[in-house]
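Reader: Please give me a close reading of a single part of this protein, namely its interior and the way the pieces around it are put together. I would like one connected account that I can follow residue by residue while I look at the model.

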Amino acid sequence: MIQVLVAADEALLRAGILDTSAVARGRVGALTGAGREVLRPVGTGLSNAEILARLDLGAGTVKARISRIRTKLDCANRVQAATLAHGAGPRTEAGEAP
């Protein structure tokens, strides 16, 4: 399902109908609050160790959440997820971007 949405977003971007920040916000909006909580520091370049210290989570929890984030956002790697988080812009808890 997410692949279909990503393909549609890419087509709209090429056509100049949609901007990259709208795409990023839409994709990030699909994450749970816990996912956005971890994506925020990923987007600022923090390591897993820095994230677990900041959020008081276990190493396994951080790794699992990042893995789920990458899957949900259809990102091949952590850098793509961080780029998407950065592109979504600074938002807060209410279900918007990280």
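Author: V28 is a useful place to begin, since this residue counts as buried because its relative accessible area is 0%, and the cut-off for that word is under 20%. The model is a predicted one. V28 belongs to helix 2, and its C-alpha atom lies 8.9 Å from that of I69, although the two residues are 41 positions apart in the sequence.

For the setting, the protein has 6 helices and 0 strands, and the pattern along the sequence reads α-α-α-α-α-α. Of its 98 residues, 32% are buried. Among contacts with a sequence separation of 6 or more, 55% join residues that are 24 or more positions apart.

The interior itself can be followed through the largest nonpolar core, which comprises 19 residues. Within this core, the residues with the most contacts are V38, L39, V42, I51, I69 and L73. Helix 2 (20–28), helix 3 (33–43), helix 5 and helix 6 (78–88) are the elements that each give two or more residues to the core, and the greatest contribution comes from helix 6, with 5 residues.

Helix 3 deserves a slower reading. Its buried residues are G35, R36, V38, L39, P41 and V42, and among these V38, L39 and V42 are named with the core residues that have the most contacts. Leaving aside residues up to four places away in sequence, V38 touches I51, L55, L57, R65, I66 and I69. After helix 3 comes G45, which has a positive phi, near 95 degrees.

From helix 3 one can turn to its partners, and a general convention helps here: a pair of packed helices is described by the angle between the axes and by the distance between them. Helix 3 packs on helix 5 at an angle of about 95 degrees, and their axes are 10 Å apart. These two helices are therefore roughly perpendicular, the band for that description being 65 to 115 degrees. On the helix 3 side the contact is formed by A34, G35, E37, V38, L39 and V42, and on the helix 5 side by R65, I66, I69 and L73. Sorted by class, the residues of this contact are 7 nonpolar, 1 polar and 2 charged.

Helix 6 is another partner of helix 3, with an angle of about 95 degrees between them and axes 8 Å apart, so helix 3 and helix 6 are roughly perpendicular to each other. In this contact, L39, V42 and G43 of helix 3 meet R78, A81, A82 and A85 of helix 6, a set that divides into 5 nonpolar residues, 1 polar and 1 charged. L39 and V42 thus appear here, as they do in the contact of helix 3 with helix 5.

Helix 5 (residues 59–73) has a further neighbour in helix 4 (residues 48–55), the two axes coming within 9 Å and crossing at roughly 115 degrees. Helix 4 and helix 5 are therefore roughly perpendicular, and their crossing is right-handed. The residues that make this contact are N48, I51 and L52 from helix 4, together with A59, V62, K63 and I66 from helix 5; by class they are 5 nonpolar, 1 polar and 1 charged. I66 of helix 5 takes part here and in the contact with helix 3, while I51 of helix 4 is one of the residues that V38 touches.

The loops at either end of helix 5 are worth a last look, with the general background that most residues other than glycine have a negative phi. D56, in the loop between helix 4 and helix 5, has a positive phi of about 55 degrees although it is not a glycine. D74, in the loop between helix 5 and helix 6, likewise has a positive phi of about 55 degrees without being a glycine. As for accessibility, D56 counts as exposed because its relative value is 70%, whereas D74, at 33%, counts as partly exposed; exposed here requires over 50%.

Key: Residues are numbered from 1 along each chain as its sequence is written. This is a predicted model: local features need pLDDT of at least 70, side-chain atom pairs count only at pLDDT 80 or more; totals for chains, interfaces and linings use all residues. Side-chain values use heavy atoms; hydrogens and water are left out. Axes are lines fitted to C-alpha atoms, for helices over the stretch in contact, and angles run from 0 to 180 degrees between N-to-C directions. Helices (H or I, at least four residues) and strands (E, at least two) are DSSP runs, numbered from the N terminus. Angles under 35 degrees count as roughly parallel, over 145 as roughly antiparallel, 65 to 115 as roughly perpendicular and the rest as oblique. A crossing is left-handed if the near helix is turned anticlockwise from the far one by less than a right angle, and right-handed if clockwise. Contact means heavy atoms within 4.5 Å. Ala, Val, Leu, Ile, Met, Phe, Trp, Tyr, Cys and Pro count as nonpolar, Asp, Glu, Lys and Arg as charged, and the others, Gly among them, as polar. A nonpolar core is a set of buried Ala, Val, Leu, Ile, Met, Phe, Trp, Tyr and Cys residues joined through side-chain atoms within 4.5 Å. Buried means under 20% relative accessible area, exposed over 50%, partly exposed in between (1.4 Å probe, protein chains only).
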